[in-house]
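Here's a quick tour of a predicted model. Have a look at the structure first, then read on for a helix pair and a sheet.

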Amino acid sequence: MTTTAITALVLGEAGFTEGTVSVDGNRITAVGLSPEDRAALQRHAAEHVDAVGCWLIPGLIDAHAHGYATLLRGTENSMPLELWALYTVMYGRAYDAAAMRAAILLGAAERIRAGITGWIDHSPMVHLGEAALAAHAESGLRVGWAPFLHDISDYALMELELDRLAGNPPPLNLDAYAQRFGEFAQTAKPDRVSVLLGPNAPQRCSASAWALWRDLRDRYGVAVHTHLMETHAQAAVRALAWWVGRRNGAPGPAG
Ligand SMILES: [Zn+2]
């Protein structure tokens with residue numbers, strides 16, 4: 001196996017220290033911090049990368065992103081989330097497997113360039129799940145793919161009537177979702193690409209969607225990734241609705 005030695009500022013317990021890290025294949029096999037150890041590792045390596053002055057750190061984690069959206073940059077980006085979503089839901093309907101693969105691999109290349117080696121893709125496009133999982137496996141990055149689960153729109157939560165416009169989620173078919181989730185859970189490669197439960201947000205799930213969320217968690221033992229309130233407007237409207245409901249005798253969140 002070819003050994004590569006990299007000399008750089010190495011992040012350790014005491015902060016950054018100039019050091020040499022020896023790598024065999026995809027494994028770190030030695031770290032030398034003293035001048036003698038560093039020289040020995042450099043001597044024995046087939047290749048020496050001189051990165052003096054640069055930081056050598058573990059890969060960064062991008063804890064929340066929507067992989068499909070890489071191809072939507074520059075579209076309506078200056079709008080508030082709720083209005084922007086009306087456009088992106090429509091754009092999203094034009095996606096096919098090839099577009100999903102391109103979005104994920106372009107996003108992966110950008111992440112590698114930025115030092116990111118792991119990320120969570122919270123995906124509304126459950127119907128393109130196979131293509132998304134294949135692209136994530138192809139990228140080489142560590143990925144948690146969390147397919148959306150929801151059946152209440154932000155517009156309903158904010159008491160805006162948009163019944164005939166895009167933006168309302170299709171009715172949730174509990175059995176179909178459960179079957180699809182089971183297929184995804186078996187397709188994923190847990191050493192690198194894992195499937196997470198991806199409820200869009202607690203307030204975007206009806207009681208039956210919450211029950212499905214709990215059942216799938218128990219059945220597959222998977223982690224959960226979700227949004228919370230995403231804008232001041234959502235939080236303000238829901239806080240007001242909660243206060244009015246309490247005044248009228250409705251149970252609170254703990255009721
Ligand atoms: Zn998000």
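## A helix pair and a sheet

Where α4 and α6 cross, the crossing is right-handed. Two packed helices are described by the angle between their axes and the distance between the axes. For helix α4 (residues 129-139) and helix α6 (residues 174-187), that angle is about 20 degrees, and the axes sit 11 Å apart. Since angles under 35 degrees count as roughly parallel, α4 therefore runs roughly parallel to α6.

So who does the touching? On the α4 side you'll find Gly 129, Glu 130 and Leu 133, while α6 brings Arg 180, Phe 184 and Thr 187. Chemically, the contact of α4 with α6 is an even mix: two nonpolar residues, two polar and two charged.

Now for the sheet. Four strands make up an open sheet, in the order β3-β2-β1-β4 and with mixed pairing. From one strand to the next, the twist averages 25 degrees. Why do two of the strands have one side without a neighbour in the sheet? β3 and β4 stand at the edges and each has a single partner strand, so one side of each is left free of a neighbour there.

Here are those two edge strands:

| Edge strand | Residues | Partner strands |
|---|---|---|
| β3 | 27-32 | a single partner strand |
| β4 | 47-56 | a single partner strand |

Over at the β4 edge, strand β1 (residues 3-12) pairs with β4 in the parallel sense, over six bridges. If you want a spot to zoom in on, try Ile 6, which stands opposite Val 49 in β4.

How values were computed. Residues are numbered from 1 along each chain as its sequence is written. This is a predicted model: local features need pLDDT of at least 70, side-chain atom pairs count only at pLDDT 80 or more; totals for chains, interfaces and linings use all residues. Axes are lines fitted to C-alpha atoms, for helices over the stretch in contact, and angles run from 0 to 180 degrees between N-to-C directions. Angles under 35 degrees count as roughly parallel, over 145 as roughly antiparallel, 65 to 115 as roughly perpendicular and the rest as oblique. A crossing is left-handed if the near helix is turned anticlockwise from the far one by less than a right angle, and right-handed if clockwise. Two residues are in contact if their C-beta atoms, placed from the backbone, lie within 7 Å. Ala, Val, Leu, Ile, Met, Phe, Trp, Tyr, Cys and Pro count as nonpolar, Asp, Glu, Lys and Arg as charged, and the others, Gly among them, as polar. Two strands pair if DSSP finds at least two bridges between them.
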